[in-house]
Every structure is written in structure tokens, then in C-alpha cells.
Amino acid sequence: MLDVTINEWYYSLTHNRNQSHQLGGAVGTQETVEVQKVSFSDELVAFIEQWKDKRGNLIMILHRIQQELTFLPWEAMRQLSEMIDTPLAKIYGVATFYHYFKLEKPGKNKVAVCMGTACYLKGAGDLIEEFGNLLDIKVNETSDDGLFTLESVRCVGCCGLAPVVMVGDEVYGKLGTDGLPAVVAEYRDGDEKGE
């Protein structure tokens, strides 16, 4: 029964012609939500078709959608629900259960601070705090300019370089808080140059 209720609610939200919706909040307040259109590539559609009838398909398909879109927008989950004939509530439940899946668009550069034992003991907590101050965000948030998402991760396998920060696939080892402004500037400057 819950699946039907959530699906009906979401359907009513997403099927308004102007794609702008009023949500009732507290008494006397309303919030307008814009629904983003999502289109899947031909390769993704073929992948979904290939996997749609296989047992345990949902996680594989969600991984592939996130790989293409960088996160799992509502509209993508709604489209998937129709394509594989699975309740939206089930898809949302899986997407929110696993930490790997992102429901909000991440920043262009993922800043991952290792919190494994070696990194933690060598000051990784201070790195997270300083990145937060420099970018004006908390863990699992994205900077206002859309360039950075800050994440706390478990061991990245570079214990000899502790403490370790990864920005995308780039590893920065034996990093102190005094080195963080240069790391941030490198990616901000690169964005301004269009890299």
C-alpha cells in the first residue's frame, strides 16, 4: 500500500505540464520545486533493457545511471520505474539505503578525505575541518560554486602517505592543513581556464 501512495504522490508532482509544482509545507507556506528533465543515452537504455528481467538488476542499473548522470535524480528514478515495472518506492529505498548512491548533483571535483586509522591518527579530522572552512561546506555538501563536494571516506590504501586526500583521481599525501589552500586554488584556477 505504501508503494502505491508514494508512486501516486510522485506521479502527481511530476506530471504537471509547466513542470513547476506547489508543495504544501507548514501552515501558510508553499515551496516550488522544479523537476529536471532527464534523458538516457541509447547505451544506457540498451543496458536497462538487457538487465530489466534479471534477478538483482536494480543495483546494477542504478550504478549505470549514476555513472552516466553523476547522481540519481528523481526523474531518472521515475523513468526507470516505468521501464522496469518496479515501484518507485522500491527504487528510492535502494538508492537511499546504499551510501554509494547520490541523490543530489555532486560538485565537479570530489574531495575525499581518508579517515582510515593511519590518516585519522595523523590529522585527517583537521583536514576535513579546514576543507569545510575553505569551501564553506560540511561533509557530504557541495560548494555554492558547484566545484567541490566534500566527503569523508574509509581507507584509500595509501597508508604510507597519511594523511591522504583525493581530489577526483589525484592523490595528495602527507598533507597538512597549510597545504589545503593550494589544492583548492589548483582546481579553482583549472576551472577558470576551462580545464
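**Entry 1: strand β4**

I started with strand β4, residues 148-153, and found five of its six residues buried, so the strand is largely enclosed by the rest of the structure. A reminder to myself: this is a predicted model.

Next I looked up the partner of β4. Strand β3, residues 109-114, runs parallel to β4, and six bridges join the two. I picked out one pairing: Val 113 has Ser 152 of β4 as its bridge partner.

**Entry 2: Glu 151**

Is Glu 151 buried or exposed? I had noted that Glu 151 sits in strand β4. Its relative accessible area is 8%, and the cut-off for buried is under 20%, so Glu 151 counts as buried.

Which side chain does Glu 151 meet in a polar contact? I found Lys 102, with the two side chains joined at 3.4 Å. I then listed the wider surroundings, setting aside neighbours within four places in sequence. Lys 102 turns up again in the contacts of Glu 151, along with Lys 110, Val 111, Ala 112, Val 113, Val 139 and Asn 140.

**Entry 3: the sheet**

I stepped back to see where β4 belongs. The sheet is open and has four strands, in the order β4-β3-β5-β6, with mixed pairing. Its edge strands are β4 and β6 (170-172), each of which pairs on one side only. Ignoring direction, I read an average turn of 20° between neighbouring strands of this sheet.

At the β6 end, I checked the pairing with strand β5, residues 165-167: β5 and β6 are antiparallel, over three bridges. Here Val 167 stands opposite Glu 170 of β6. A note for my own use: strands of a sheet pair through backbone hydrogen bonds, in either the parallel or the antiparallel sense.

What lies across these strands? I found helix α7, residues 124-135, lying across β3, β4 and β5. This helix runs at about 155° to β3.

**Entry 4: helix α4 and Ser 81**

I moved on to helix α4, residues 74-84. How many of its residues are buried? I get eight of 11, so this helix is mostly covered. The buried ones are Glu 75, Ala 76, Met 77, Arg 78, Gln 79, Leu 80, Ser 81 and Ile 84. I was pleased to have the full list, charged residues and all. Just after α4 comes Asp 85, which takes a positive phi of about 50°.

I zoomed in on Ser 81, which belongs to α4. With a relative accessibility of 12%, Ser 81 counts as buried. Its side chain reaches the backbone nitrogen of Leu 88 at 3.4 Å. Not counting residues up to four places away in sequence, Ser 81 touches Thr 86, Pro 87, Leu 88 and Ile 91.

**Entry 5: α3 against α5**

My last stop was a helix pair. Two packed helices are described by the angle between their axes and the distance between the axes. For helix α3, residues 57-69, and helix α5, residues 88-97, I noted an angle of about 70° and axes 11 Å apart. That makes α3 roughly perpendicular to α5. The crossing of the two is right-handed.

Which residues meet there? From α3 I wrote down Leu 58, Ile 59 and Leu 62; from α5, Lys 90, Ile 91, Val 94 and Ala 95. Ile 91 was already in my notes, as one of the residues that Ser 81 touches.

Note on methods:
Residues are numbered from 1 along each chain as its sequence is written. This is a predicted model: local features need pLDDT of at least 70, side-chain atom pairs count only at pLDDT 80 or more; totals for chains, interfaces and linings use all residues. Side-chain values use heavy atoms; hydrogens and water are left out. Buried means under 20% relative accessible area, exposed over 50%, partly exposed in between (1.4 Å probe, protein chains only). Two strands pair if DSSP finds at least two bridges between them. A polar contact is a pair of N or O atoms within 3.5 Å; within protein, one must be able to donate a hydrogen and the other to accept it, and residues adjacent in sequence count only if both atoms are side-chain atoms. Contact means heavy atoms within 4.5 Å. Axes are lines fitted to C-alpha atoms, for helices over the stretch in contact, and angles run from 0 to 180 degrees between N-to-C directions. Angles under 35 degrees count as roughly parallel, over 145 as roughly antiparallel, 65 to 115 as roughly perpendicular and the rest as oblique. A crossing is left-handed if the near helix is turned anticlockwise from the far one by less than a right angle, and right-handed if clockwise.
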